[in-house]
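Colleague: Hi, have you got a few minutes to walk me through this one? I'd like to hear about packing and anything odd in the backbone.

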Amino acid sequence: MSYAIEMRHIRKEFPGIVANDNITLQVEEGEIHALFGENGAGKSTLMNILFGLYQPDQGELYVHGKKAVINDPNDATRLGIGMVHQHFMLIDKFTVAENIILGREPKKHGLLDMAKAVKIVKELSEKYGLDVDPYQKVEDITVGMQQRVEILKTLYRGSDILIFDEPTAVLTPIEIKELIVIMKRLVSEGKSIILITHKLKEIFEACDRCTVIRRGKNIDTMSISETNPSDLASMMVGRKIHVQVNDAPYDPKEKVLEIEHLNVLDSRKVNVIKDLHLSVHGGEILGIAGVDGNGQTELIEAIAGLRKVKEGTIKLNGQDITNQKTRKIVEAGLGYIPEDRQKHGLVLDFTIGENMVLQTYYKKPYAESGVLKNKVITKKAEQLIQEFDIRTPSEKTLARSLSGGNQQKVIVAREVDRSPQLLIAAQPTRGLDIGAIEFIHGKLLDEKKKGKAVLLVSFELDEILHLSDRIAVIYEGNIIDIVNPKETDENELGLLMAGRKKGGAES
Amino acid sequence: MSLFEVLTIIIPSTLLTAAPLIFTSLGGVFSERSGVVNIGLEGLMAVGAFTAAISTLGLERAGLGDASPWIAILIAAVAGGIFSLIHAVVSISFRADQTVSGVALNFLAAGLTIFLVKMIFDGKGQTPYISHNIDKISIPGLSKIPFIGPIFFQQVTYTSYLAILVSVFVWFIIFKTPFGLRLRSVGEHPAAADTLGINVSRMRYIGVALSGVFGGIGGAVYLVTITSNYSVTTIAGQGFLALAALVFGKWHPIGAMGASLFFGFAQALSITSQQIPYLDRLPSVIMLTAPYVLTLIVLTGFVGRAEAPKADGVPYIKGQR
Ligand SMILES: Nc1ncnc2c1ncn2[C@@H]1O[C@H](COP(=O)(O)OP(=O)(O)OP(=O)(O)O)[C@@H](O)[C@H]1O
Ligand SMILES: [Mg+2]
């Protein structure tokens with residue numbers, strides 16, 4: 001039997017780094033094949049080669065057993081290969097339908113036939129259970145829906161080999177479950193799928209086989225039924241992984257963050273934070289659990305000064321920071337790991353070094369009399385690259401060319417290193433590999449031990465339960481309960497997040 | 001003088017001065033919607049005006065009479081299109097800075113046209129006047145409508161109406177055809193367009209070439225309806241006004257047309273101020289600078305950069321993340 005996809009001895013170099021070094025990948029017809037490896041191992045690169053975005057320096061490609069040359073995405077599409085990219089390829093100002101049909105537009109008398117486009121999108125969306133609104137602009141829809149749009153794009157082009165590059169990193173647990181159902185349905189229709197993910201749970205739930213790569217090299221390919229999560233994890237990082245636990249005693253100090261009567265509007269001018277009260281103490285990690293869209297984003301943006309507060313006060317270290325300039329708030333002691341790393345966390349066209357000093361560049365020792373001290377910045381960056389294991393040729397590399405997970409590490413390194421009084425960590429381990437996650441967890445716990453306050457927002461209930469000293473459940477813009485992680489579990493949290501107060505009463 | 005009389009002076013003059021701006025800013029729409037900033041509109045207009053001048057002179061001599069300026073506009077369109085390819089090659093294929101390339105285009109156009117004028121006309125700094133302009137006329141029938149007629153249909157040129165019709169046509173092309181969708185996609189997110197098999201460079205070449213064609217037409221119309229001969233100072237600032245109209249019009253064809261009409265109005269005010277009560281008492285410096293001052297006010301006061309196509313001015317490098 002021939003393979004749906006066979007990539008033989010692929011090599012790809014970038015300036016200063018061999019991203020793929022003699023990698024072979026064989027995907028059987030009708031399977032879900034996991035591609036598993038550390039941040040920067042070369043997974044996206046390999047998939048971009050398969051999709052025709054990069055040209056390999058060496059190696060051969062076979063599609064359904066036939067040798068193929070893929071010079072650009074057009075060739076890939078013709079061969080039935082579709083890709084959902086790690087960073088979405090969507091045009092914000094276009095509608096969902098326009099994004100899907102772009103490049104293969106339905107026409108009537110040579111003109112765009114949008115009515116037909118909408119009809120096609122609706123049909124496809126029903127057939128595969130991918131719920132989207134064809135008329136909405138992409139900039140107005142949730143990340144989950146954006147992802148469904150990406151999948152529909154490939155299906156519209158009739159792809160039978162689908163590449164998913166870390167589709168679950170940006171999804172909520174419920175959306176992940178739905179996605180797995182969808183992938184299984186696609187496979188049962190005869191399609192083959194390559195899935196990149198850092199989450200072992202998904203690999204064991206969804207995949208048939210798995211290929212592990214490390215630092216650009218093949219490690220092994222195996223059947224999922226013949227392995228187990230901990231073996232797979234150590235195979236990927238090449239060492240045993242120590243799980244970090246929150247074992248330091250809970251000894252809360254004075255209030256660092258104090259929020260009272262907070263009201264905030266979202267972009268559509270709807271009141272999404274309603275009279276919210278919350279305080280975080282030094283020496284504790286407060287986790288915020290909640291279903292996406294219940295005001296988490298707006299809450300942290302309001303604290304960070306990125307969104308206007310309509311009513312109420314926010315105090316940091318006793319200082320009123322309500323509606324202050326972000327720099328003021330940062331100087332008052334805020335560190336912020338934002339949800340969207342490319343939009344708010346990094347200047348993609350700056351070097352890693354420059355990104356490392358984004359909040360501190362104007363102060364000693366990074367600047368003196370208004371002149372940047374490049375040597376000091378370089379040294380700092382090199383130290384952080386070393387400490388946080390950021391995979392890059394040098395600190396002069398542009399943030400843009402880093403792998404997704406390594407971009408995330410740059411932000412975390414910068415914020416944690418400043419050791420702020422209050423650290424807001426929003427989805428801090430999004431897109432990170434298992435090794436890196438444990439490392440970051442360790443760093444957050446260190447902050448707690450140092451007596452700093454950490455506000456953790458995450459969709460990963462595991463992460464919340466694991467690290468928090470207290471868990472605040474947010475529902476429809478309000479903290480409806482605060483629970484002790486030692487006395488609760490995923491089920492109870494799940495119910496609370498759905499708006500049910502303890503004792504089963506509907507709120 | 002009654003308001004009605006003032007309007008019969010100002011509106012036809014507005015329509016006249018706006019037409020070249022409309023054509024040129026529509027050119028800008030094509031280019032910038034595809035993601036290529038085009039500061040070179042001024043130069044493209046110069047090339048168009050120069051080409052129109054010598055073509056009309058030539059065609060007149062060949063005995064084509066009243067058809068001469070019309071054919072000259074078409075020739076100027078082709079010349080503008082070809083000239084704009086310099087900008088395309090430099091900024092798309094070689095990914096040079098688009099602003100610098102556009103500025104270079106302006107210098108090149110000014111130098112080249114004047115050099116050619118001197119060469120063709122024995123060292124003179126300007127071309128002779130053409131004798132067949134596109135004249136101001138009264139539209140038969142329509143100009144007889146009471147009130148409306150004298151304001152909108154007397155003392156006008158066909159090119160003004162043509163400009164307005166063409167803006168609607170361009171709107172249609174950009175928002176209702178597959179071509180338009182693709183053009184906008186490469187201006188917003190070229191990498192995304194690329195993954196869908198759209199040839200980013202080709203679309204941008206077309207965008208820039210169309211800006212050349214329309215800029216050429218704009219310059220030609222300016223020449224055959226307003227100045228009638230070509231010298232270095234002929235275009236002086238018109239291309240930049242068109243650029244401003246493009247921005248003020250939020251990169252939208254109808255918006256650009258509206259903004260062009262506004263700037264046309266500002267220019268008409270300064271041209272006709274001597275005939276208008278109260279205005280005729282103001283020092284002429286004020287009236288002459290008015291269009292530019294208004295432009296500044298409008299651009300600083302009403303326009304946010306956020307409206308520009310997202311990838312406007314950003315060269316696309318394949319395979320870069
Ligand atoms: N276009 C590029 N230019 C320069 N370097 C690149 C480019 N693309 C990838 N790289 C480098 O190649 C290496 C592999 O990157 P790749 O994106 O394939 O990693 P990955 O396995 O997908 O990681 P992650 O899990 O973090 O997404 C990285 O070191 C990255 O910096
Ligand atoms: Mg990747």
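Modeller: Happy to! One term up front: buried means under 20% relative accessible area, exposed means over 50%, and partly exposed is in between, with a 1.4 Å probe and protein chains only. This is a predicted model, where local features need pLDDT of at least 70, side-chain atom pairs count only at pLDDT 80 or more, and totals for chains, interfaces and linings use all residues. Residues are numbered from 1 along each chain as its sequence is written, chains are lettered from A and ligands numbered from 1 in the order in which they are written, and side-chain values use heavy atoms, with hydrogens and water left out.

Colleague: Cool. Is Thr95(A) buried or exposed, then?

Modeller: Thr95(A) has 18% relative accessibility, so it counts as buried. You'll find it in the loop between β6 (81-84) and α3 (96-101) of chain A. Helices (H or I, at least four residues) and strands (E, at least two) are DSSP runs, numbered from the N terminus.

Colleague: And what is Thr95(A) in contact with?

Modeller: Setting aside neighbours within four places in sequence, Thr95(A) contacts Pro134(A), Tyr135(A), Gln136(A), Lys137(A) and Val138(A). Contact means heavy atoms within 4.5 Å.

Colleague: Switching topic: which residues touch the most other members in the largest nonpolar core?

Modeller: That core has 117 residues, and Phe36(A), Leu155(A), Phe164(A), Met183(A), Ile193(A) and Tyr230(B) touch the most other members. Helix α2 (residues 41-61) of chain B gives the most to this core, with 11 residues. Another core, of 39 residues, lies apart from it and includes Val416(A) and Leu461(A). By nonpolar core I mean a set of buried Ala, Val, Leu, Ile, Met, Phe, Trp, Tyr and Cys residues joined through side-chain atoms within 4.5 Å.

Colleague: Nice. How do α4 and α5 of chain A pack?

Modeller: Helix α4 (residues 114-128) and helix α5 (residues 143-156) of chain A meet at about 105 degrees, with their axes 10 Å apart. The axes are lines fitted to C-alpha atoms, for helices over the stretch in contact, and angles run from 0 to 180 degrees between N-to-C directions. That makes α4(A) and α5(A) roughly perpendicular to each other. On the wording, under 35 degrees is roughly parallel, over 145 roughly antiparallel, 65 to 115 roughly perpendicular and the rest oblique.

Colleague: Which residues make the contact?

Modeller: Ile120(A), Leu124(A), Ser125(A) and Tyr128(A) come from α4(A), and Leu152(A), Leu155(A) and Tyr156(A) from α5(A).

Colleague: What about α1 and α9 in chain B?

Modeller: Helix α1 (residues 3-33) and helix α9 (residues 200-227) of chain B pack at about 170 degrees, with axes 7 Å apart, so α1(B) and α9(B) are roughly antiparallel.

Colleague: How many disulfides over all chains?

Modeller: Zero, from a search of the whole structure. A disulfide is a pair of cysteine sulfur atoms within 2.5 Å. The sulfur of Cys207(A) has its closest cysteine sulfur in Cys210(A), 7.1 Å away, which is too far for a bond. Cys207(A) is buried at 8% relative accessible area, and Cys210(A) is buried at 0%.

Colleague: Last one: which peptide bond is cis?

Modeller: The one from Lys364(A) to Pro365(A), with omega near 0 degrees. Pro365(A) is in the loop between α12 (352-356) and β19 (367-368) of chain A. Also, Arg215(A), not a glycine, has a positive phi near 45 degrees, and Arg215(A) is exposed at 53% relative accessibility.
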